[in-house]
Amino acid sequence: MLSFIHAGDVHLGNPFTGLSKNLPKSFQEAVADAGYVAFDRLIQQAIQKQVDFVLFPGDLLHGAGQTARLQATLVKGFLALKEAGIQVLLSFGNHDYQAYETVQNAWPDNVHIFSHEVQEKVLMTRSGERVAFVGFSYADRSERRDRLADFPVRNESVDYEVGLYHGAVGQVGDDYAAFSIEGMLQKNYDYWALGHIHIREIMHEQPVIAYSGNLQGLNRKETGPKGALLVEDRGQGLEPTFLDLAPVRFQTVEIADCLSFLDLMEQLKQEKYDGQTLLSVELKGTIPADLQADQASGRLLDKIQLSLSDSDTVWPIYVNLTTSQQLVKPAFAQMDFEQAIQQTVAGQSLTDSLSDEVPLSIREYFAREEGRTAVQEALKELFSEGGEA
Ligand SMILES: [Mn+2]
């Protein structure tokens with residue numbers, strides 16, 4: 001019976017973001033290795049479970065820059081799969097489309113790469129079933145054509161048909177190969193392995209249309225366990241099971257009506273953490289004035305970090321206060337905002353801070369003078385109102 005691993009958005013080579021410079025040494029090492037450890041675990045799982053295929057539906061690589069470690073990790077992983085009789089189906093997404101030209105001769109022949117046109121590849125499982133895989137690679141950092149229209153309907157001569165698709169639900173013309181669930185269902189496939197959205201989600205059951213999410217969370221918004229989907233036919237169609245592979249985890253803890261700093265630390269220490277955890281703390285409700293003052297002066301995170309510094313399993317990276325009470329005015333309210341705003345808006349930082357999911361048109365807008373001026377005006381207005389908007 002068919003079995004495969006679905007691993008969208010591996011983003012190998014992507015650094016973690018939003019970590020403070022105080023990061024303890026044990027975490028520095030864990031963070032530097034996390035993506036590679038997760039990838040190695042993926043390969044080991046594929047071999048251990050004796051799957052037939054590993055599917056990478058886009059953004060296996062984070063970008064064009066390929067380090068020696070990255071290249072070696074990939075080749076070593078692919079060769080290990082080859083030795084175990086496992087074939088790889090791979091399409092490039094909006095992050096790694098440049099690699100299409102460079103990897104053609106660099107990777108072993110068990111790696112089947114989809115071209116820029118929608119293609120069907122028919123391969124055999126260990127037990128002799130015929131499986132048709134259909135997919136395409138991005139040719140650029142966006143794909144505005146109706147790619148789903150080019151996917152053929154179910155090939156009746158095969159035992160299974162599986163689509164690999166890097167994109168997002170939306171209207172044709174959107175930046176990332178917009179599709180509809182209905183459109184996919186009409187093709188009558190047995191499984192759709194989606195990529196692009198970093199949150200794991202089963203969009204449809206029977207047949208399953210699913211995002212595996214990314215392999216390793218890379219910022220405080222990518223919380224919880226991360227990994228890939230093991231997809232198997234156990235007699236009732238193709239069913240996914242989550243494989244927890246990420247060695248480092250982001251977690252957000254919400255604390256309401258905390259009584260004091262001591263109380264806060266008590267609650268944080270009682271929380272359960274799985275593996276090495278990078279922690280965000282959200283304080284809500286009534287918040288003691290001294291904690292508000294510490295937050296306003298930027299001391300609160302430092303204090304929490306120092307109080308947890310003997311822990312190998314958890315490191316706080318972010319703290320946020322949401323309260324209906326009057327906030328203590330930040331000390332930096334006296335600074336020269338005109339200058340600070342100009343620095344913020346100038347240079348690359350503005351577009352760099354946009355998430356990957358932000359449409360290209362918006363990214364371009366903020367890269368232009370027009371967009372920068374708009375942000376500058378908005379910030380000026382915000383701060384002249386006392387920053388309490
Ligand atoms: Mn993507």
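Select Phe 4 and Val 231: Val 231, in strand E11, is the bridge partner of Phe 4. This is a predicted model, in which local features need pLDDT of at least 70, side-chain atom pairs count only at pLDDT 80 or more, and totals for chains, interfaces and linings use all residues. Residues are numbered from 1 along each chain as its sequence is written.

Widen the selection to residues 3–6 and 227–233. These are strands E1 and E11, which pair in the antiparallel sense over 4 bridges. Strands (E, at least two residues) and helices (H or I, at least four) are DSSP runs, numbered from the N terminus; two strands pair if DSSP finds at least two bridges between them.

Now show the whole sheet. It is open, has 6 strands with mixed pairing, and follows the order E4-E3-E2-E1-E11-E12. At its edges are E4 (111–113) and E12 (238–244), each pairing on one side only. Neighbouring strands of the sheet are turned by 25° against each other on average, direction ignored. Axes here are lines fitted to C-alpha atoms, for helices over the stretch in contact, and angles run from 0 to 180 degrees between N-to-C directions.

Next, select residues 25–48. This is helix H1, which lies across E1, E2 (53–57), E11 and E12 and runs at about 170° to E1.

Centre on Ala 7. Beyond its neighbours within four places in sequence, Ala 7 is in contact with Leu 42, Val 54, Leu 55, Phe 56, Ser 212, Leu 215 and Ala 228. Contact requires C-beta atoms, placed from the backbone, to lie within 7 Å.

Which residues touch the most other members of the largest nonpolar core? They are Ile 5, Ala 7, Leu 42, Val 54, Leu 55 and Leu 215, out of 87 residues. H1 gives the most to this core, with 9 residues. The core lies between domain 1 (3–244) and domain 2 (248–322), because both give residues to it. A nonpolar core is a set of buried Ala, Val, Leu, Ile, Met, Phe, Trp, Tyr and Cys residues joined through C-beta atoms within 7 Å. A residue is buried if 20 or more other C-beta atoms lie within 10 Å of its own, exposed if 12 or fewer, and partly exposed in between, with C-beta atoms placed from the backbone.

Colour by domain. Domain 3 covers 331–384, and its C-alpha centre lies 34 Å from that of domain 1. Domain bounds come from an automatic or database domain assignment.

Finally, zoom out. The protein chain has 11 helices and 15 strands, and 35% of its 389 residues count as buried. Its C-alpha trace spans about 70 × 50 × 40 Å along its principal axes.

How values were computed
Contact = placed C-beta atoms within 7 Å.
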